[in-house]
Amino acid sequence: MVVVGAGMAGVQTAVALREQGFTGPVTLIGAEPHQPYDRPPLSKAVLLGTADGSAFDVDFASLDIDLRLGCEALGVRTADHELDTAAGPVPYDVLVLATGAEPVRLPGTGQAPGVHLLRTLDDAEGLRPVLAAQHDVVVVGAGWIGAEFATAAREAGCAVTVVEAADRPLAGALPAEVAAPMTAWYADAGVTLRTGARVAAVEPGAVVLDDGARLPSGAVVVGIGAHPATGWLAGSGIALGPHGDVLADDRLRTSAADVYAVGDCTSFPSARYAERLLVHHWDNALQGPRTVAADILGEEAAPYDPVPYFWSEQFGRFVQYAGHHAAADRTVWRGDPADPAWTVCWLREGRLVALLAVGRPRDLAQGRRLIEAGRVLDADALRDPALPLKQAVVE
């Protein structure tokens, strides 16, 4: 068994194979030289220097997992059952692709000094001195990672301006009426938010916008999205989707024999939502490996069809989301979005399909279970934020 990619999805796949009884050789290959680590702490604890790292608590030696770090994957020859790497070819009986996603770079900046991404441990460590020096910081992109970095930069005492091309934060993730209340969070935290603005150029000490405005900047942090890290699969014959995602089936098998894909680099068909999902979140990377290991070992397992889940800590708020709201036909609010805590629920034919909870973790926990169960809810009861979500179920 060869697993390429030593992030959450790859590590959990290797561990799941051992936990589910596989006794043959397992090789885990990672491009970075660091011990495999968890990514969520990078945007806060590691970035602010309150933690030196976030390595997984996994004893690879005791699990007899051959860990090969600093080894970049270059290609796959599926007919030969060989993975090509910078250290030479690696034969496999079964290959698991878990190479994750890579951040989208700001066009025209190339390797410009002072322009940073935040995806890897090296990225976070490179940004530590920026925050320690309390530089003026310009964040490009008001998505989840942009908001989390802006939060950390303000905590460090930096002056922060966030530049967003859309007319609101999280434009690509949430409907306008849900994202709009979040605009006020920036000002409340002392962050300047400029929407409908694009970066024209990055110069020493300044960011120039397309309207000619110049923003003082000691550092630029780019958070404008990510795409599957699958460019190295060109010519492999493994089918990719329109976003570069590996096209997997409901057991996370790819179009190539004996090749699986898991985590941020892959999409899968969801029967629950009647569409193919590409989920770039930690929980997906945690859950998928169990399905992969079970299928490899010939165990009976349910089709992979999780309720997507993620969380974000920004501007003093704990934001959680579960489900997939694209096909909803009704939106129900629980509470006032001007208040510190509120929830939005999305229904389809009366069934809960997604919810966003701000400072209401009980709503999220109950809602996630209701989505999994496909329960029908009473929309009028749902509107009462004092009523536990589960009590809105129509018996």
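Two residues are in contact when heavy atoms of one lie within 4.5 Å of heavy atoms of the other. Keep that idea at hand as we walk through this structure, which is a predicted model.

**A serine in a loop**

Let us start with S217, which sits in the loop between strand 15 (214-216) and strand 16 (219-222). Leaving out residues up to four places away in sequence, S217 touches D136, V138, G205, A206 and V207. Is S217 buried or exposed? Its relative accessibility is 10%, and buried means under 20%, so S217 counts as buried. The side chain of S217 also has a polar atom 2.8 Å from the backbone oxygen of A219.

**Three more buried residues**

The table gives the relative accessible area of three other residues.

| Residue | Place | Relative accessible area |
|---|---|---|
| L233 | loop between strand 17 (226-228) and strand 18 (246-247) | 2% |
| H325 | loop between strand 23 and strand 24 (330-334) | 17% |
| G323 | strand 23 | 3% |

What surrounds L233? Setting aside neighbours within four places in sequence, L233 is in contact with V76, L97, I238, L240 and V246. L233 and L74 are 159 residues apart in sequence, yet their C-alpha atoms are 7.6 Å apart in space.

H325, again without neighbours within four places in sequence, is in contact with A173, L174, P175, W346 and A354. With the neighbours within four places left aside, G323 is in contact with Y273, V307, P308, V353, A354 and I371. A354 therefore appears among the contacts of H325 and also among those of G323. Along the chain, G323 and E372 are 49 residues apart, and 9.0 Å separates their C-alpha atoms.

**Aromatic rings that meet**

A pair of aromatic rings is described by the distance of the centres and the angle of the planes. The model has 8 aromatic pairs. One of them joins Y186 and F315: the ring centres are 4.7 Å apart and the planes stand at 55°, so the pair is tilted. Where do the two partners lie? Y186 belongs to helix 5 (residues 183-188), while F315 is in the loop between strand 22 (309-314) and strand 23 (317-323), so the pair ties together parts that are 129 residues apart in sequence. Y186 and F315 are both buried.

W333 and W342 also form a tilted pair, with 5.5 Å from centre to centre and 35° between the planes. Here W333 is partly exposed, at a relative accessible area of 25%, whereas W342 is buried, at 1%. An aromatic cluster is formed by W144, F310, Y321 and W346. W346 is one of the residues in contact with H325 as well.

**Two helices side by side**

Two packed helices are described by the angle between their axes and the distance between the axes. Helix 1 (residues 8-19) packs against helix 6 (residues 282-296) at an angle of about 35°, and their axes are 8 Å apart. The crossing of helix 1 and helix 6 is right-handed.

Which residues meet there? From helix 1 come M8, A9, Q12, T13, A16 and L17, and from helix 6 come W282, A285, L286, P289, V292, A293 and I296. The residues of this contact comprise 11 nonpolar, 2 polar and no charged ones.

Terms used:
Residues are numbered from 1 along each chain as its sequence is written. This is a predicted model: local features need pLDDT of at least 70, side-chain atom pairs count only at pLDDT 80 or more; totals for chains, interfaces and linings use all residues. Side-chain values use heavy atoms; hydrogens and water are left out. Rings of Phe, Tyr and Trp (its six-membered ring) pair if their centres lie within 6.5 Å; planes under 30 degrees apart count as stacked, over 60 as edge-to-face and the rest as tilted. Helices (H or I, at least four residues) and strands (E, at least two) are DSSP runs, numbered from the N terminus. Buried means under 20% relative accessible area, exposed over 50%, partly exposed in between (1.4 Å probe, protein chains only). Axes are lines fitted to C-alpha atoms, for helices over the stretch in contact, and angles run from 0 to 180 degrees between N-to-C directions. A crossing is left-handed if the near helix is turned anticlockwise from the far one by less than a right angle, and right-handed if clockwise. Ala, Val, Leu, Ile, Met, Phe, Trp, Tyr, Cys and Pro count as nonpolar, Asp, Glu, Lys and Arg as charged, and the others, Gly among them, as polar. A polar contact is a pair of N or O atoms within 3.5 Å; within protein, one must be able to donate a hydrogen and the other to accept it, and residues adjacent in sequence count only if both atoms are side-chain atoms.
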